[in-house]
Every structure is written in C-alpha cells, then in structure tokens.
Amino acid sequence: MDAYESYNAILHSGNRSLYQIAVLSSMLIGGALIRYDSRNWPLSASVRYTIIAAAAIGSLVGCAIPAFFAGGYVGASASDYLLSPKTVLGGILCAFFAVALVKRILNISYDTSDAFARGGCLMMAIGRLGCVAQHCCFGVPTDSSLGVRFGDGVSRFPVQAIEASLMFLLFAGLYVCHQMNYFQNRRLFILFASYGFLRYWLEFLRENIASEWLGIGFYQWIALSLFVVGVYQIIARTKRQRVLGKFQVPAAEATE
C-alpha cells in the first residue's frame, strides 16, 4: 500500500456524519457566542451583521483556497470536497482580512476584534473533534502507548485529540480574560499568536500530506504567518494603548 492509498484508507475509515455534525455544531455554537459578544458594538444591527458575515464568508474561502496550492496528497484531492473545511489556519487569516476590508469600505474605526476571540476559539476546538471522528489530520506513526489506529493498521499520535484539548484550554483562558476584561482589543490576537505557535509544533506530530518549502511544511508556513500577525497586532495595540493613556485626563482632574 503506497502513501496515498494509506491516507485514503484512513479517511474512509472515519465517520463523516459525526464530522459534519461537529463542524455544523462548531459554527452554530461559536457563531452564537460571537454574536453575543458583539451585542455592545456601537453600530447598527445591519452593520454588525455585515461584519460578522464578512468574517464567515472570509473563513469559508480561506479554509478552501490554500488546499489548491498545498501540493502533495492535499493538492491532489483538493477538489474532491470543494466546500468542506480544509485548513482552519487559512480560514482565520482570511476572515481577519475580510473584516478589515469591510470595515475600511464602511469607514468603521471601532475595534471589533475582541468579539471574535471566544467564539472563534470555541469553534476551532469543537471543529477539531470532528477531525477525531473522521480520522482526518492524522498523526505520524508512533510506538508510544498513546498511539491510536485509524484504519491503515498503523499506530499514530492522536494529534487531533491533543489539539482539541489544547484549544479548549485556550478557550478557558480567553473566557477568563473576557470576563475580567483583560487584554482589551488584543484577545483575538492572543488567539492568533497562541494557535499559530501551537499549530507549528503540532505539525511535527501530524503526517505531512502537503508539500514542504525550505524544509518546513506548507501548513507550518501558514501557522508562522498567523503567529507573526498575532504578535505584531499585540505589540502595535499595546503601544497604541500606552500612547493614548499618556493623554488621558485623570478622573480627579476631569471633575475639577
């Protein structure tokens, strides 16, 4: 059995119905949380839903398009499931740029990023459970006691379950930050930086079914891009808040 036949055996041994239920549930639950967290935006309902719709459409496009440039098994099978999610990394980045574009077109300067942090993270965590069910995004062979079998007779790292667990932990952290209003206007980019970092290293435990450039896997390059965007935005926004803070009038002085 060659590599592609082995990969096909793994994918066909999974439960696609459970995968679809997990993906649909992630969209509904995560989307509902995003809608809830956006309720206090000082924007009209139509503008608010336009921004959320831009994120949704951008994520769907961003999930699908990279597969056609990934090479390897992913590139060869990219058109088999055209509308199904292929990489959450591309979805996150494309959603971010889609919202930025729409806000520029509508001339909106209000920062909407925090509202996407909790829901986006929860969406990713639940969606990854679907990968556990379908056996996609499977790990490399291992002799470890942690190994699981996905249909090709090879014991593999349960990288999907590991990632799902880490994402639920990250969601818990973001939930606390939201409740305590920590890291205002930076929580989404904490998600970007954290997931980009985690995903880069998790790729070493995942079977490489795409191409490599300069010894680094295709999805690792996207993970690094997400990490860089997240770190840049955190630094830039922190500096901006410090500068603005210098010009704020203390409450005691303002009442005099």
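## Exercises around helix H7 and its neighbours

At 23% relative accessibility, Asn185 counts as partly exposed. Keep in mind that this is a predicted model.

**Exercise 1. Work out where Asn185 sits and which residues it is in contact with, leaving aside neighbours within four places in sequence.**

*Solution.*
- Start with the class: buried stops under 20% and exposed begins over 50%, so 23% puts Asn185 in the partly exposed class.
- Next, the location: Asn185 belongs to the loop that runs between H7 and H8.
- Now the contacts, which are Asp111, Ser113, Asp114, Arg237 and Gln241.
- For a sense of scale, take Ser13, 172 residues away along the chain: its C-alpha is 43 Å from that of Asn185.

**Exercise 2. Two of those contacts, Arg237 and Asp111, pair up with each other; describe the salt bridge they form.**

*Solution.*
- Check the distance: the closest N and O atoms of Arg237 and Asp111 are 2.2 Å apart.
- Place the partners: Arg237 is in helix H9 (residues 218-246), while Asp111 is in the loop between helix H5 (88-105) and H6, so the bridge ties together parts 126 residues apart in sequence.
- Look at accessibility: Arg237 and Asp111 are both buried.
- Put it in context: the structure holds nine salt bridges.

**Exercise 3. Which side chains of H7 are buried, and what do they pack against?**

*Solution.*
- Get the geometry first: H7 has 22 residues and spans 32 Å from first C-alpha to last, close to the 32 Å expected at 1.5 Å a residue.
- List the buried set: Val159, Gln160, Glu163, Ala164, Met167, Leu170, Phe171, Leu174 and Cys177.
- Check how they are arranged: these residues cover an arc of only 135° around the axis, which puts them on the same side of H7.
- Find the partners: the buried residues of H7 pack against helix H2 (16-37), helix H6 (117-134) and helix H8 (187-202).
- Finish at the end of the helix: just after H7, Asn181 has a positive phi of about 60°.

**Exercise 4. Phe168 is also in H7; is it buried, partly exposed or exposed, and what does it touch?**

*Solution.*
- Classify: Phe168 has 32% relative accessibility, so it counts as partly exposed.
- List contacts beyond four places in sequence: Leu122, Ala125, Ile126 and Leu129.
- Zoom in on one of them: Leu122 is 46 residues from Phe168 along the chain, yet their C-alpha atoms are 6.8 Å apart.

**Exercise 5. Follow the salt bridge of Glu163 out to the network that contains it.**

*Solution.*
- Begin with the pair: Glu163 bridges to Arg128, with closest N and O atoms 2.8 Å apart.
- Assign the helices: Glu163 is in H7 and Arg128 in H6, so this pair ties together parts 35 residues apart in sequence.
- Check burial: Glu163 and Arg128 are buried.
- Add another bridge: Glu203 and Arg206 bring their closest N and O atoms to 2.4 Å, and both residues are buried.
- Join them up: salt bridges with shared partners link Arg128, Glu163, Arg199, Glu203 and Arg206 into one network.
- Trace one member back to its helix: Arg199 is among the buried residues of H8.

**Exercise 6. Which residues make the nonpolar surface patch of about 490 Å²?**

*Solution.*
- Name the members: Ile57, Val61, Ile65, Phe68 and Phe69 make the patch.
- Locate one of them: Phe69 is in the loop between helix H3 (45-64) and helix H4 (72-76).
- Classify that residue: with a relative accessible area of 57%, Phe69 is exposed.

Terms used: Residues numbered from 1 in each chain as written. Predicted model: local features only at pLDDT ≥ 70, side-chain atom pairs only at ≥ 80, totals over all residues. Heavy atoms only, no water. Buried < 20%, exposed > 50% of the residue type's maximum accessible area, 1.4 Å probe, protein only. Contact = heavy atoms within 4.5 Å. Helix = DSSP H or I, 4+ residues; strand = E, 2+ residues; numbered from the N terminus. Expected span 1.5 Å × (residues − 1). Arc of directions from axis to C-beta. Patch = residues over 30% accessible without salt bridge, like charges linked within 9 Å, V, L, I, M, F, W, Y side chains within 5 Å. Areas by Shrake-Rupley, 256 points an atom, 1.4 Å probe, with all protein chains shown as cover. Salt bridge = Lys/Arg side-chain N within 4 Å of Asp/Glu carboxyl O.
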